[in-house]
Amino acid sequence: VRLALVSTLVVVPVGVVTAYALSRAKGVVAIAMETIVMLPLVLPPSAVGLMLLYALRREGPLSTLGGEIVFRWRAVVLASAVMSFPLFVRSARLAFEGVDRRLEGVARTLGHGPASVFFRITLPLARRGVIAGALLAFARALGEFGATILVAVADRTVNCVPERRTNGGVVPFRKLMPRMVSVFDVRSALA
């Protein structure tokens with residue numbers, strides 16, 4: 001429960017900013033942003049877990065997040081946050097789209113800046129959707145297993161199959177992981 005709560009606390013601030021940006025964006029940029037944000041919702045959790053495992057490994061593209069976090073509690077929080085992020089963003093975005101922009105315009109004519117308008121007008125009017133999104137994110141984080149199990153205990157799984165014999169000799173499993181993730185991504189994209 002604590003990890004799901006921490007995951008939700010990670011999702012809410014980033015999700016509010018993302019949802020607000022999506023509610024105001026238009027055109028191709030909005031479609032591209034929404035597609036990227038919603039990917040964890042449509043991909044199998046195991047595929048998301050493999051991608052996180054690949055990205056967060058010692059030599060991975062996100063390894064600069066503060067050392068190796070894979071196989072630690074922070075990886076569980078990150079996996080839960082990634083999987084629950086789309087649910088929060090969807091709910092909060094719909095709430096932000098429901099806010100009357102004329103009220104925001106009136107606040108601007110009364111001398112409020114963009115930050116003041118957001119925190120005094122937009123966010124309070126969208127609070128029900130934001131709270132609903134936070135509850136959905138918490139519930140998803142609480143029930144998340146697929147991606148979480150891969151980044152939390154895959155080390156034991158990797159040690160069970162430490163190498164693979166090929167024509168060129170023995171290849172350590174950790175060197176095969178990028179190839180496996182790439183093949184898995186192509187297969188899940190075509191399915």
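Here are some notes on this predicted model, going through its helices, cores and salt bridges.

1. Let's start with helix H2, residues 27-42. At 1.5 Å a residue, its 16 residues should span 22 Å, and the end C-alpha atoms are indeed 22 Å apart, so the expected and actual figures agree. There is still a bend to look at: H2 turns by about 30 degrees at Ile36, with a proline, Pro40, following within four residues.

2. Which residues of H2 are buried? Those are Ala30, Val37, Met38 and Pro40. The cover over the buried residues of H2 includes H1, helix H3 (45-56) and helix H4 (73-97).

3. Now the largest nonpolar core. It has 19 residues, and Phe88 and Phe96 are the ones that touch the most other members. H1, H2, H4 and helix H7 (127-143) each put in at least two residues. H4 gives the most, with seven.

4. Phe96 is worth clicking on. Setting aside neighbours within four places in sequence, Phe96 is in contact with Val16, Ala19, Tyr20, Ser23, Arg24, Phe118, Thr122, Leu123, Ala126 and Val130. Apart from the largest core lies another one, made of 12 residues, among them Leu43, Leu53, Ile69 and Val70.

5. Have a look at Ser91 too, which sits in helix H4. Is Ser91 buried or exposed? Its relative accessibility is 16%, and the cut-off for buried is under 20%, so Ser91 counts as buried. Not counting residues up to four places away in sequence, Ser91 touches Gly129, Ala132, Gly133 and Leu136.

6. For contrast, try Leu9 in helix H1 (residues 2-24). Leu9 has 59% relative accessibility and exposed means over 50%, so Leu9 counts as exposed. Leu9 and Ala81 are 72 residues apart in sequence, yet their C-alpha atoms are 8.9 Å apart in space.

7. On to charges: a search of the whole structure turns up six salt bridges. One of them pairs the side chains of Glu104 and Arg24, at 2.7 Å from N to O. Glu104 belongs to helix H5 (residues 101-109) and Arg24 to helix H1, so this pair ties together parts that are 80 residues apart in sequence. Glu104 is buried, at 2% relative accessible area, while Arg24 counts as partly exposed at 22% relative accessibility. Arg24 also turns up among the contacts of Phe96.

8. A second salt bridge joins the side chains of Glu97 and Arg93, with 3.8 Å from N to O. Both residues lie in helix H4, four residues apart, or about one turn of the helix. Why does that spacing suit a pairing along one helix? An α-helix has 3.6 residues a turn, so residues three or four places apart point the same way. Glu97 counts as partly exposed, at 40% relative accessibility, whereas Arg93 is buried, with a relative accessible area of 11%.

9. Asp100 and Arg102 also meet through their side chains in a salt bridge, at 3.1 Å from N to O. Asp100 is partly exposed, with 31% relative accessible area, and Arg102 counts as exposed at 64% relative accessibility. Which residues do shared salt-bridge partners join into one network? They are Glu34, Arg90, Arg93 and Glu97.

Definitions and conventions:
Residues numbered from 1 in each chain as written. Predicted model: local features only at pLDDT ≥ 70, side-chain atom pairs only at ≥ 80, totals over all residues. Heavy atoms only, no water. Buried < 20%, exposed > 50% of the residue type's maximum accessible area, 1.4 Å probe, protein only. Expected span 1.5 Å × (residues − 1). Bend = angle between axes of the 7 residues up to and from the residue. Contact = heavy atoms within 4.5 Å. Core = buried A, V, L, I, M, F, W, Y, C linked by side-chain atoms within 4.5 Å. Salt bridge = Lys/Arg side-chain N within 4 Å of Asp/Glu carboxyl O.
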